[in-house]
Amino acid sequence: MKRILVIHGPNLNLLGKREPGIYGKVTLLQINNELKKIAKKRKVSLIIKQSSYEGEIVDLIGKMKNKYDALLINPAAYTHTSVAIRDAIAAASVLTVEVHLSNIYSREEFRQKSLISPVVKGTIMGFGPKSYSLGLEALIDLL
Ligand code: DQA
């Protein structure tokens, strides 16, 4: 059975309450439950983590070798700032899909660059919680 790690970055634990006009009313628990349903149906194992700490995310990615076959990540605000997370993904050389609830290119200028996109297989954004399900399905198809 293929093993997929899901990482939710900072503030995504607040989904549902956080800026609902931008991120919607769906909670992280609901997103995770939908991902678990897909994993069950498609017969892959899923481990889901949320962290607001850059170093912890770097460590999680660094320890993926021999434990996971793919990574689904929403780096949240670190998308725009974290050379460390980008380098961790590049070093892990594991199949990775980046997702965002919002379309970062339709938002403030400081969000209109992802340091992560150049080192991942693909990026899905702008579809709200559906970005996650599309990203997971894409990963499973590729595995
Ligand atoms: C986000 C977009 C980021 O700019 C922001 O900092 C987030 C969430 C998204 O999913 O749309 O926290 O990654």
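Q: Where does Lys 130 sit in this predicted model?
A: Lys 130 belongs to helix α5.

Q: Why is Lys 130 called partly exposed?
A: Its relative accessibility is 48%. Buried would need a value under 20%, and exposed one over 50%, so 48% puts Lys 130 in the class in between, partly exposed.

Q: How far apart are Lys 130 and Glu 34, in sequence and in space?
A: In sequence they are 96 residues apart, while their C-alpha atoms are 9.5 Å apart.

Q: What about Ser 131: why does this residue count as buried?
A: Ser 131 has 0% relative accessibility. Buried means under 20%, so Ser 131 goes into that class. Like Lys 130, this serine is part of helix α5.

Q: What makes the pairing of the Ser 131 side chain with the backbone oxygen of His 100 a polar contact?
A: A polar atom of that side chain lies 2.8 Å from the oxygen, and the cut-off for such a pair is 3.5 Å. The side chain also reaches the backbone nitrogen of Phe 127, at 3.1 Å. Leaving aside residues up to four places away in sequence, Ser 131 touches Val 99, His 100, Leu 101, Ile 124, Met 125 and Gly 126.

Q: Why is Ser 82 called buried?
A: Ser 82 comes out at 0% relative accessibility, and the class takes in anything under 20%, so buried is the right word. Ser 82 lies in the loop between β3 and α4. Not counting residues up to four places away in sequence, Ser 82 touches Glu 54, Leu 115 and Ile 116.

Q: How do you know that Asn 66 counts as exposed?
A: Exposed starts over 50%, and Asn 66 has 69% relative accessibility, so exposed fits. You'll find Asn 66 in the loop between α3 and β3, with phi near 65°, a positive value in a residue other than glycine.

Q: And why is Ser 93 called exposed?
A: With 65% relative accessibility, Ser 93 is over the 50% limit, so the label holds. Ser 93 is in the loop between α4 and β4. Its phi is positive too, about 35°, although Ser 93 is not a glycine.

Q: Which residues touch the most other members of the largest nonpolar core?
A: Those are Ile 4, Leu 35, Leu 72, Tyr 132 and Leu 136, out of 23 residues in the core. Two or more residues each come from β1, α2, β3, β4 and α5, with the largest share, 5 residues, from α2.

Q: Which residues does Tyr 132 touch, not counting those up to four places away in sequence?
A: Tyr 132 touches His 8, Leu 12, Ile 31, Leu 35, Leu 72, Asn 74, Val 99 and Leu 101. Apart from the largest core lies another one, of 16 residues, including Ile 7, Leu 60, Tyr 78 and Val 94.

Q: What makes the approaches of His 80 and Ser 102 to the ligand polar contacts?
A: The limit is 3.5 Å between N or O atoms. A polar side-chain atom of His 80 lies 2.7 Å from a ligand oxygen, and one of Ser 102 lies 2.6 Å from a ligand oxygen, so each pair qualifies. Ala 77 brings in a backbone N or O atom, 3.2 Å from an oxygen of the ligand.

Q: How much of the ligand's accessible area does the protein cover?
A: The protein covers 99% of the 320 Å² that the ligand has on its own. Among the surrounding residues are Arg 18, Tyr 23, Asn 74, Arg 107 and Arg 111, and the shell divides into 5 nonpolar, 4 polar and 3 charged residues.

Conventions. Residues are numbered from 1 along each chain as its sequence is written. This is a predicted model: local features need pLDDT of at least 70, side-chain atom pairs count only at pLDDT 80 or more; totals for chains, interfaces and linings use all residues. Side-chain values use heavy atoms; hydrogens and water are left out. A residue is near a molecule or strand if one of its heavy atoms lies within 4 Å of it. A polar contact is a pair of N or O atoms within 3.5 Å; within protein, one must be able to donate a hydrogen and the other to accept it, and residues adjacent in sequence count only if both atoms are side-chain atoms. Accessible areas come from the Shrake-Rupley method with a 1.4 Å probe; for residues, only the protein chains shown count as cover. Ala, Val, Leu, Ile, Met, Phe, Trp, Tyr, Cys and Pro count as nonpolar, Asp, Glu, Lys and Arg as charged, and the others, Gly among them, as polar. A nonpolar core is a set of buried Ala, Val, Leu, Ile, Met, Phe, Trp, Tyr and Cys residues joined through side-chain atoms within 4.5 Å. Buried means under 20% relative accessible area, exposed over 50%, partly exposed in between (1.4 Å probe, protein chains only). Helices (H or I, at least four residues) and strands (E, at least two) are DSSP runs, numbered from the N terminus. Contact means heavy atoms within 4.5 Å.
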